[in-house]
Amino acid sequence: MTHKNTKEYAKALDNKDPLKSFRDLFHIPKVNGKDSIYLCGNSLGLMPKAARTYIEQELSAWENLGVEGHFEGKNPWMYYHKLSKPILAEIVGGKEKEVVAMNNLTSNLHLMMVSFYRPTKERYKIIVEKGAFPSDQYAVETQVRFHGFNPKDAIIELAPKEGEYTLQTADILTAIQAHGSELALVMMGGVQYYSGQFFDLATITKAAHSVGAYAGFDLAHAVGNVPLKLHDWDVDFAVWCSYKYMNSSPGGVAGAFVHEKHADNPAFPRFGGWWGHDEGSRFLMQKGFKPMQGVDGWQLSNATVLTLATHQASLEIFKKARGMNVLREKSLLLTSYLEFLLNDLNLSEKELNIITPSAPEERGCQLSLLVNKNGKVLFDELTKKGVIADWREPNVVRIAPVPLYNSYADVYGFVEILRLHFH
Ligand SMILES: *Cc1c(COP(=O)(O)O)cnc(C)c1O
């Protein structure tokens with residue numbers, strides 16, 4: 001696809017965009033009285049306008065029904081989390097019984113590691129990507145210590161080759177083979193939060209299994225961003241938050257996937273709570289934990305209805321967009337346009353370097369721009385001119401055009417500001 005570097009061309013792409021009307025379903029933050037250029041959906045997705053109605057509905061149920069709201073009203077709270085299952089299952093490529101909305105991301109990662117990281121003297125190592133999101137690093141480090149191992153020995157961090165910014169699949173596979181019988185778990189980001197690299201989850205999972213290890217992924221930056229097929233890829237577990245590309249409210253309810261081959265096994269080790277207990281006998285309040293079938297058997301507490309309500313408001317938009325393939329199609333075009341315009345600035349690598357892979361299948365919507373000189377000055381200038389993006393120390397600006405609410409004109413407007421800065 002050859003693009004053009006003109007405002008008219010960007011507008012023409014917007015006019016042809018089948019998802020054009022979806023922007024109106026979101027509140028776009030204003031800067032200086034004008035719509036901002038919001039390129040930060042990788043950090044916090046925008047608020048669906050319907051979110052307020054969804055929350056108000058549950059506030060009204062609480063107001064009018066009190067405790068009876070658990071069993072009465074339009075969406076009884078006892079089953080509220082199940083509303084999300086069909087759409088979530090489609091978004092991550094799992095069966096309904098393999099996905100659940102619960103807790104928060106890092107809590108879910110710990111719960112999953114309780115089940116999938118059970119080290120022995122011989123098999124105790126974890127492969128992670130170097131520079132993983134800090135919360136994941138802390139989770140892995142403290143899990144390893146909890147089991148009495150030394151993080152320096154047990155955690156294998158995979159770093160890009162000298163002078164490169166992303167990992168090569170072949171090198172990941174080599175590392176998995178090299179640690180073979182000592183490897184307990186591969187736990188990586190799905191889309192790396194800093195570089196924007198989308199790892200080959202199917203191939204990594206297969207390699208982990210071939211040496212007898214589990215494979216689990218943190219999909220914080222992948223869910224709602226790239227098409228996923230967790231069930232078919234035979235992934236053992238996955239976790240994600242819902243406030244980035246899933247637009248479900250700051251700190252809102254997170255999600256988890258456990259493959260049915262583990263999830264349907266009641267003997268599979270886990271930490272239990274009453275909401276994971278067999279629904280039919282939950283309120284008999286008896287001794288003896290009997291987990292529900294599927295990943296529901298990992299739930300602990302009764303559902304956080306208010307954040308599930310905003311989550312549902314957002315999921316309905318994904319449903320209306322008819323799923324990830326439609327979103328991905330626009331996303332590929334939108335990000336390729338961003339890439340084209342950036343390359344058309346003709347800057348040297350020293351001035352601005354896109355460190356995200358150039359192959360579309362190896363990235364989501366985000367491009368990470370390494371700005372070696374005065375990066376923070378550039379970033380502050382962007383902010384002043386109405387671009388909301390994010391800055392990651394020491395020198396990266398992350399730009400995420402989101403197909404649900406970003407336009408080609410947003411991307412064009414952003415790069416025009418860069419042009420004025422550099423030229
Ligand atoms: C955003 C993000 C988190 C945040 O964790 P919370 O538990 O939601 O605070 C963790 N890990 C990754 C990879 C992230 O991108």
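Start by selecting Q197: setting aside neighbours within four places in sequence, Q197 is in contact with T166, L167, G190, V191, Q192, P357 and E362, where contact means heavy atoms within 4.5 Å. Before going further, note that this is a predicted model, in which local features need pLDDT of at least 70, side-chain atom pairs count only at pLDDT 80 or more, and totals for chains, interfaces and linings use all residues. Residues are numbered from 1 along each chain as its sequence is written, and side-chain values use heavy atoms, with hydrogens and water left out.

**Stop 1: around Q197**

Keep Q197 selected and show the backbone on both sides. Q197 sits in the loop between β7 (183–189) and α8 (201–210); helices (H or I, at least four residues) and strands (E, at least two) are DSSP runs, numbered from the N terminus. Is Q197 buried or exposed? Q197 is buried, with a relative accessible area of 4%. Here buried means under 20% relative accessible area, exposed over 50%, and partly exposed in between (1.4 Å probe, protein chains only).

Now add L167. A polar atom of the Q197 side chain lies 2.6 Å from the backbone oxygen of L167. For a last look here, pick A222: its C-alpha is 9.9 Å from that of Q197, and the two residues are 25 apart in sequence.

**Stop 2: S36 and a distant stretch of chain**

Next, select S36, which is in the loop between β2 (34–35) and β3 (37–38). S36 counts as buried, at 2% relative accessibility. Which residues does S36 touch? Not counting residues up to four places away in sequence, S36 touches I28, P29, K30, V31, G386 and I388. Add V387 as well: S36 and V387 are 351 residues apart along the chain, yet their C-alpha atoms are separated by 5.8 Å.

**Stop 3: backbone details in three loops**

Go to N346, in the loop between α11 (324–343) and β11 (353–354). N346 has a positive phi of about 55° although it is not a glycine. N346 is exposed, with a relative accessible area of 65%.

Then select N374, placed in the loop between β12 (367–370) and α12 (375–384). Its phi, near 55°, is a positive value in a residue other than glycine. At 47% relative accessibility, N374 counts as partly exposed.

Move on to E393 and P394, which are joined by a cis peptide bond with omega about 0°. P394 lies in the loop between β14 (390–392) and β15 (396–399).

**Stop 4: W274 on the surface**

Select W274, in the loop between α9 (260–263) and α10 (305–320). W274 counts as partly exposed, at 37% relative accessibility. Add F71, Y79, F283 and M285 to W274, and you have a nonpolar surface patch of about 540 Å².

**Stop 5: the whole protein**

Finally, zoom out. How many helices and strands does the protein have? The protein has 13 helices and 15 strands. Its C-alpha atoms fill a box of roughly 70 × 60 × 35 Å, taken along the principal axes. Of the 423 residues, 55% are buried. Among contacts between residues at least 6 apart in sequence, 72% join residues at least 24 apart.

How values were computed
Patch = residues over 30% accessible without salt bridge, like charges linked within 9 Å, V, L, I, M, F, W, Y side chains within 5 Å. Areas by Shrake-Rupley, 256 points an atom, 1.4 Å probe, with all protein chains shown as cover. Salt bridge = Lys/Arg side-chain N within 4 Å of Asp/Glu carboxyl O. Polar contact = N/O pair within 3.5 Å; in protein donor to acceptor, adjacent residues only side chain to side chain.
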